[in-house]
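Please read the following report alongside the sequence and the structure, which are shown here before the description begins.

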Amino acid sequence: MIELQHLSIIFLITSFIFVWSPSKIKVIPLWIFPFLLSIFVGVVSGALAPLSVVWISLACVSFYSVRKWARYSTWILILSGFYALVMGMNLLPGFNKIQLISPRLLGDSVNLFSLEYRLAKPIVGLLILASIAQKCESFKEILNSLVLVKKWVLPTLAVLAVGMLLGVAIDVKFFVWTPIFIVCNLFLSVIPEEAFFRGFLQQPLQNRFGKAVWIIPLMGLFFALVHIPPAYINPIKFYIVMGLAGACYAWAYSIKDRIELAIASHILLNVLHFIFLAYPLAF
């Protein structure tokens, strides 16, 4: 049953989709309308406290400043990136949990899983995606990029293989709500993370240093460090897999310097992990 809080997520996902559309109503980009509806419904439903509107407004101003003036001052990029990281890691008050799937065991796992989100991370990811991330300019261009299968699929499968070698168990499963997990994971987790890492880290570094070899492992290191392993997991194995995954997504981005390939690699790995291996991640 869809609740009012869930509508806030639906409007936000719609906004993500419209980011790739060049359509406007007068001079206003189409994505802004479902975005504002998502904020309104979020406040009314309690998913967003009134204080969250302040943080969201600051994010809007911050990323607009990056788009307009970052070329003149590196500090604008650094401070905005730090603010995006803090907001994206749910360190700001006012963003309440929206539960979609109650806690339960999946397959043979002994660790509970629940599907729940706060809106801070997807909101900040949407604003980055809309303002500064380098995107394909048409859906045809996206499809033309994705057909470079060997260049981004094989590294993604290699990360899964390393995870299995380190002890992630095979556990094939599919639930009636699996499509909900995939859609929410794509729009509320994967795209926001890729927007931040490519828009605020990899893209500026490549603009400054070109496609230097060290950028990809550095992106892998950053990606690993912002993920905190749960108490039940081996931290060394966790950071190895996360670091390789982050480097894989960075490699995918570098192929065309467009965020869509990084998103495709990231969601493919997550979906294969969810369906075919122990989930949540455990060694």
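Serine 254 lies in helix H10, residues 235–256, where helices (H or I, at least four residues) and strands (E, at least two) are DSSP runs numbered from the N terminus. The model is predicted, and for that reason local features need a pLDDT of at least 70 and side-chain atom pairs count only at pLDDT 80 or more, while totals for chains, interfaces and linings use all residues. Residues are numbered from 1 along each chain as its sequence is written, and side-chain values use heavy atoms, with hydrogens and water left out.

With a relative accessibility of 10%, serine 254 counts as buried, a word that here means under 20% relative accessible area, whereas exposed means over 50% and partly exposed covers what is in between (1.4 Å probe, protein chains only). Leaving aside neighbours within four places in sequence, serine 254 is in contact with Gln202, Gln206, Lys211 and Ile216, contact being heavy atoms within 4.5 Å.

**Nonpolar cores**

A nonpolar core is a set of buried Ala, Val, Leu, Ile, Met, Phe, Trp, Tyr and Cys residues joined through side-chain atoms within 4.5 Å. The largest one has 76 residues, and those with the most contacts inside it are Phe35, Met87, Phe95, Ile123, Ile128, Leu129 and Phe200. Helix H8 (residues 178–209) gives the most to this core, with ten residues. A second, separate core of six residues includes Ala252, Ile255, Leu261 and Ala264. In soluble globular proteins, nonpolar side chains tend to be buried together. When neighbours within four places in sequence are set aside, the contacts of phenylalanine 95 are Ala47, Leu48, Ser52, Trp55, Ile56, Met87, Arg118, Leu119, Ala120 and Ile123.

**Helices H2 and H4**

The expected span of a helix is 1.5 Å times one less than its number of residues. For the 14 residues of H2 this rule gives 20 Å, which agrees with the 20 Å between its end C-alpha atoms. Helix H4 (residues 74–88) has 15 residues and reaches 21 Å from its first C-alpha to its last, close to the expected 21 Å.

In H2, the residues Pro34, Phe35, Ser38, Ile39, Val41, Gly42 and Ser45 are buried, and the buried residues of this helix pack against H1, H3 and H5. In H4, the buried residues are Leu77, Ser80, Gly81, Tyr83, Ala84, Val86, Met87 and Gly88, and what covers them includes helix H3 (50–69), helix H5 (120–131) and H8.

**Backbone features**

Several residues have a positive phi, and the table sets them out.

| Residue | Place | Phi |
|---|---|---|
| Lysine 26 | loop between strand S1 (24–25) and strand S2 (28–29) | about 60° |
| Glycine 46 | just after H2 | about 95° |
| Asparagine 90 | following H4 | near 60° |
| Aspartate 257 | loop between H10 and H11 | near 55° |

Lysine 26 is exposed, with a relative accessible area of 80%, while aspartate 257, at 21% relative accessibility, counts as partly exposed. The peptide bond from tyrosine 279 to proline 280 is cis, with omega near 5°, and proline 280 is found in the segment after helix H11 (259–276).

**The second largest pocket**

A pocket is found on a 1 Å grid over the protein atoms alone, as an open set of points where a 1.4 Å probe fits, with protein on both sides within 12 Å along at least five of seven lines, and its lining residues have an atom within 4 Å of a point. The second largest pocket has a volume of about 800 Å³, a volume being the space filled by probe spheres set on the points, which are joined across faces, edges and corners. Of the 29 residues that line this pocket, the closest to its centre are Pro29, Trp31, Arg67, Ala130 and Ser131. The elements that give two or more residues to the lining are helix H1 (4–19), helix H2 (32–45), H3 and H5, and the largest share, eight residues, comes from H3.

**Alanine 133 and proline 155**

Alanine 133 is placed in the loop between H5 and helix H6 (139–146) and, at 9% relative accessibility, counts as buried. Although alanine 133 and glycine 199 are 66 residues apart in sequence, their C-alpha atoms are 4.6 Å apart in space. Proline 155 lies in helix H7 (residues 149–165) and counts as partly exposed at 23% relative accessibility. Not counting residues up to four places away in sequence, proline 155 touches Lys150, Cys248 and Trp251.
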